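Biologist: Please give me a close look at one part of this model, the aromatic rings and how they pack. Once that is clear, work outward from there to the surrounding elements.

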Amino acid sequence: MTPPLELEQVMLAVELGPLRLEHPLVDASGTFDLLEYARRYRGDFFADFPYAAYVPKTVTADARTGNPPPRVTETPSGMINGIGLENPGIDAWIGGLSEWAALRRPVIVSVGGNSPDQYAAVVRALETHLASAFAATVPRLEGFELNVSCPNVAGGPQIGADPAATAAVVGACRAETTRFLLVKLTPNVSDVTLAARAAVEAGADGLSLVNTFKAMVLDRETLRPFLGNRTGGLCGPAIKPIALRMVAEVAQALPGVPLVGMGGVISGLDALEFIACGATAVGVGAANFTGFEAPSRIVAELRAELAARGFASPAAARGIALDA
Amino acid sequence: MTAKAVDDHAHSEQWAETSHCRVSAVRRFGAFTAFELVAPRIAGKAAPGQFVMVTVPGGGFLLRRPLSMFTVHGDRAGLLVEARGAGSERLAGLEVGETVDLAGPLGSAFPTKGVTNALLVGGGIGCAPLQYLADELVTAGANVTAAFGFRDFRAARAAGAFAVERLWVASEDGAVGRRGTVMDVLAELDAPPNTVVYACGPAAMIGAVQRWTLEQGLRGYASLEAHMACGSGSCRGCVVDTTRGKLRVCSEGPVFALDEVRP
């Protein structure tokens, strides 16, 4: 074992494709609302934003009202949600961009839809807007994350469970943008590398995984499904071991493809484990619901965990859990 | 983890509302537990209707639980919890000397300015924020009448947790107060025309109070309950239907104008 380092000897910066991130941690889409934090924060939250990049809640071509309540509840070592991609639609979303243009971190826009056309329409609308927007009126939109893996929307099986359908969405969006293009994979498959490979072959620059596991919770009095949507997506520490296995499988199958690993990251050690399984960046989801200070705490813990093991950077630890 | 690491983005202190608080008093009332915490920063900023997110101690729980501010006295924040699930059962079992993390005060407050006659209508655990509201209104010189309804004898023991001078209690099994619901109490009340109605309770009660308030030509406010994950506007887990579309109970609420909610 390498001797430990001082905290300040650890350089946390990573490169996620063309994105230069100050550290590996990003928020998982839908778990961290920038404007809500800014409203409650005493200082300048746009300057002090704790994540290295901001992934907002998924936006779709048309406005969506989402699922009926209840939408969330705790489960053993985790939680389940069935929000249903509630969002104002891309036009209204673009209309609100100037409100958070002061954010200094790169933004990865999470895009949802039911067909390749719907995904491409969102990407096209944003590219059209950015092509003629004054710089001071837009945040640094540097990438897209195609959410083909939300388990809570109607319309048959998830696109991400079908490699060909995933490739069609990626291809349609690749034609609309040259920005960094991530695809967020579903864990609700027997072999996650199939959709991963299809996405990369269709033009994705990187992959994020995993989204939530389709799951069900019953009301303990009535024994009927608790969530208004009957089923929801399971996340939190309960899913971390499965997520780690899937990240490792994709890293092994597609070496060199930038990965954003996520699933139950609550601590800096959790984040380091995803890095050890091959992730370049790490998403934090449910932990955001446990306390306002969670992101900065996890960043600080990651630094300490790297230092304690003598890793001078996340890159030095990346992939060490993989087969040689 | 060894030492407390140098924080790259040391802003956790700036969330001044997050506090590690000691339980200083506990009283149990059937299914309900009232407890007081030493929480000077939260007590100093709170207004009636606001809530706190409470970390369930002891490990094993991920999400915080939203609880309305029940009382505020000096540096003490009072909370009332009903044991409903594993998390609230743990909170209901808190003992003096234990500590819990609180984040708050969060959400919107009951408007109270210029109110001379107030009618507070509560159902079950929904009565909790109305005690704090009653205290503030009385201090401001308003006439306060309260009508609280409870399901059964076990729940109705919670009536003992409240101190409102003109309090009418109903219980569905007649164990405490009049037999029936809070609507039966309202039917017998004479509310002056400038009365402001404040309601908190289950959706069915809010709907009934909304209709009654409209019939009486009064105005009012409703504080709504919802299952929450973040409690601070991020997850959209707690939305409710309103005349302004789907709004978050944690962020735009929990207090809404009574005529805009669609229970």
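Modeller: Happy to! A cut-off comes first: a residue is buried when its relative accessible area is under 20%, and exposed when that value is over 50%. Please keep in mind that this is a predicted model.

Let's start with the rings. Over all chains, the count comes to 17 aromatic pairs. One of them joins A:Phe32 and A:Phe45, a stacked pair with 6.1 Å centre to centre and 25° between the planes. A:Phe32 sits in the loop between strand 3 (25-27) and helix 1 (34-40) of chain A, while A:Phe45 belongs to helix 2 (residues 45-48) of chain A, so this pair ties together parts that are 13 residues apart in sequence. By the cut-off above, A:Phe32 is buried, with a relative accessible area of 2%, and A:Phe45 is buried with a value of 2% as well.

Chain B offers another pair, B:Phe70 with B:Phe162, which is edge-to-face at 5.4 Å centre to centre and 85° between the planes. B:Phe70 is part of strand 4 (residues 65-73) of chain B, and B:Phe162 is in the loop between helix 4 (153-156) and strand 9 (166-171) of chain B, so the pair ties together parts that are 92 residues apart in sequence. B:Phe70 counts as buried at 5% relative accessibility, and B:Phe162 counts as buried at 9%.

Back in chain A, the stacked rings have company. A:Phe32 and A:Phe45 belong to one aromatic cluster that also includes A:Tyr37, A:Tyr41, A:Phe49, A:Tyr51, A:Tyr54, A:Trp93, A:Trp100 and A:Phe292.

A:Trp100 leads us on to the nonpolar packing. In soluble globular proteins, nonpolar side chains tend to be buried together. Here the largest nonpolar core has 120 residues, and A:Trp100 and A:Leu207 are the ones with the most contacts inside it. Domain 1 (16-106) and domain 2 (117-260) of chain B both give residues to this core, so it lies between them. A second, separate core has 35 residues, including B:Ala31, B:Ala158, B:Tyr198 and B:Cys200.

As for A:Leu207, its contacts beyond the neighbours within four places in sequence include A:Leu182, A:Val183 and A:Leu185, then A:Ala196, A:Ala199 and A:Val200, and further along A:Val250, A:Leu254 and A:Val257. A:Pro258, A:Leu259 and A:Val260 are in contact with A:Leu207 too. A little further along chain A, the peptide bond from A:Leu209 to A:Val210 is cis, with omega near 10°. A:Val210 is in the loop between strand 9 (206-209) and strand 10 (213-216) of chain A. In chain B, the peptide bond from B:Gly104 to B:Pro105 is also cis, with omega near 0°, and B:Pro105 is found in strand 6 of chain B.

Two leucines in chain A may catch your eye in a backbone check. A:Leu85 has a phi near 55°, a positive value in a residue other than glycine. This residue sits in the loop between strand 5 (78-81) and helix 3 of chain A and is buried, with a relative accessible area of 7%. A:Leu223 has a phi near 60°, again positive in a residue other than glycine. A:Leu223 lies in the loop between strand 10 and strand 11 (231-235) of chain A and counts as exposed, at 59% relative accessibility.

Helix 4 of chain A shows how sidedness works. An α-helix has 3.6 residues a turn, so residues three or four places apart point the same way. The buried residues of helix 4 of chain A are A:Tyr119, A:Ala120, A:Val122, A:Val123, A:Leu126, A:Glu127 and A:Leu130. They cover an arc of only 155° around the axis, which puts them on the same side of the helix. The face turned away from that buried side carries the exposed residues A:Asp117, A:Thr128, A:Ala131 and A:Ser132. The cover over the buried residues includes helix 3 (90-95), strand 6 (106-111), strand 7 (140-147) and helix 5 (163-174) of chain A.

Finally, a contact set that brings both chains together. B:Arg248 is found in strand 14 (residues 245-248) of chain B and is buried, with a relative accessible area of 8%. Its contacts beyond the neighbours within four places in sequence include A:Asp33 and A:Glu36 from chain A, along with B:Arg236 and B:Phe256 from chain B.

How values were computed:
Residues numbered from 1 in each chain as written. Chains lettered and ligands numbered in written order. Predicted model: local features only at pLDDT ≥ 70, side-chain atom pairs only at ≥ 80, totals over all residues. Heavy atoms only, no water. Buried < 20%, exposed > 50% of the residue type's maximum accessible area, 1.4 Å probe, protein only. Helix = DSSP H or I, 4+ residues; strand = E, 2+ residues; numbered from the N terminus. Arc of directions from axis to C-beta. Contact = heavy atoms within 4.5 Å. Core = buried A, V, L, I, M, F, W, Y, C linked by side-chain atoms within 4.5 Å. Domains from an automatic or database assignment. Phe/Tyr/Trp six-rings, centres within 6.5 Å; stacked < 30°, edge-to-face > 60°.
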